[in-house]
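Open the model in your viewer and keep the selection box handy. We'll start with the whole chain and then go in, stop by stop.

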Amino acid sequence: MSEAKVRWGVLGAARIIRRFIPGIQAADNAELVAIASRDAAKSKAAAEQWGAPVAYGSYEELLTAPDVDAIYIPLPNTFHAEWAIKAAQAGKHVLCEKPLALSVEEVERVASAAQSNHVNVMEGFMYRFHPQQARVRQLIEADAIGEPRVIRSTFAFAVAAGYNIRLDSSMGGGATWDVGTYAINVTRLMFGAEPVRVFAEATMQQGVDVSVAAIMDFEGERRAVTDYGINYGRRSFYEVIGTKGTLAVENMWQEPNVPGYVYLRNDKGLTTEEFPLTNHFALEVEAFSQAVLEGKPAPYPLSDTAANVRACVALLRSMQEGKPVQV
């Protein structure tokens, strides 16, 4: 491992790399050294586009490369856990796009591989590293809105016509595993607790949920109300409603390098805070890389991943059964 920088390899050439790779390039403690694809021509083109020194024509070649410290996995959902385990067994640290897995059992297998091979594995929720989320938590802890009682969240966009992997049930498609993971994750993050019961209704298309409205019960008079979808207009927003006021974040799952805003409304009126242009992918890469360089645990443990997956599975079960279910 290099002394000052973590050397990153990208396992796959999915579209998400157009957002993640600039994050590697902007991070002070990371560098892109290789891209792999099962299609040699595709990996070569991606490597040339993004300035990676090496292009591999198979995933296995990347995992055995001695000059790669960490692997980023942007593969289809059904392959995340499998390749996270293989990368961990190869001694590579792993940052995997969400969802890391589609069941708690899969998360546990990933965690076992990470522990056995002394590597960090983390699920990639980049929004958590944007300073606006830290500011919201700071304001909650400072009693700016009193006791949080309700969190409202929404994340949606419309997929293009034609085949889309998000509509393919065999690839872990559906709104819950795509945009829903974020809406669920932010409620857990801001409450600092886990839901105990959920109820969800969904619109189905091609065997997957494409839009969902859900209620999550966190006990102690705390509930989350969320909607998310892949068949209606682009929207990303959450609001924490407390006994003395509200905190709201617009454009939460923002494009990189777009200003962030936090709105506080309480008995003192409305206060708006603007945050400077920030690439939250770069902040995510830097935080993960620093943990690797210092030999420390990843910023978010796999127990957090398991809890998020557990909530997603419960919501999907509620949609199927048409009734509230325990998490």
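Among contacts in the protein chain between residues at least 6 apart in sequence, what percentage join residues at least 24 apart? It's 65%, with a contact meaning heavy atoms within 4.5 Å.

Before you click on, two notes. This is a predicted model, with local features needing pLDDT of at least 70 and side-chain atom pairs counting only at pLDDT 80 or more, while totals for chains, interfaces and linings use all residues. Residues are numbered from 1 along each chain as its sequence is written, and side-chain values use heavy atoms, leaving out hydrogens and water.

**Stop 1: the whole chain**

Switch to cartoon: the protein chain has nine helices and 15 strands. Those are DSSP runs numbered from the N terminus, helices being H or I of at least four residues and strands E of at least two. The radius of gyration is 20 Å, close to the 20 Å of the globule rule for 327 residues, so the chain is as compact as a globular protein of that length. That radius is taken over C-alpha atoms, and the rule is 2.2 Å times the number of residues to the power 0.38. Along the principal axes, the C-alpha trace spans about 55 × 40 × 40 Å.

Now turn on the surface. The protein chain exposes about 13900 Å², and carbon and sulfur atoms supply 49% of it (Shrake-Rupley method, 1.4 Å probe; for residues, only the protein chains shown count as cover). Of the 327 residues, 56% count as buried; buried is under 20% relative accessible area, exposed is over 50%, and partly exposed is in between (1.4 Å probe, protein chains only).

**Stop 2: strand β1**

Select residues 6–11. This is β1, and six of its six residues are buried. Flip it over and look at both faces: V6, W8 and V10 lie on one side, R7, G9 and L11 on the other, and all are buried. Add residues 30–36 to bring in β2, which pairs with β1 in the parallel sense over six bridges (pairing takes at least two DSSP bridges between two strands). Zoom in on V10 and you'll find I35 of β2 standing opposite.

**Stop 3: β8, β9 and β10**

Next, select 208–219. Nine of the twelve residues of β9 are buried, so this strand is largely enclosed by the rest of the structure. Show β8 (197–205) too: β8 and β9 pair in the antiparallel sense over nine bridges, with V198 opposite M216. Their hairpin has two residues between the strands, and Q206 there takes a positive phi near 55°.

Then add β10 (222–229), which pairs with β9 in the antiparallel sense over eight bridges. Look for S211, whose bridge partner in β10 is G229. This hairpin also has two residues between its strands, and G220 takes a positive phi near 60°.

**Stop 4: backbone oddities**

Most residues other than glycine have a negative phi, and most peptide bonds are trans. Select K98 and P99: the peptide bond between them is cis, with omega near -10°. P99 is found in the loop between β5 (93–97) and α5 (104–116).

Move on to H118, in the loop between α5 and β6 (121–124). H118 has a positive phi of about 55° and is exposed, at 71% relative accessible area.

Last stop: D143, in the loop between α6 (131–141) and β7 (148–158). Is D143 buried or partly exposed? With 38% relative accessibility, D143 counts as partly exposed, and its phi is positive, near 65°.
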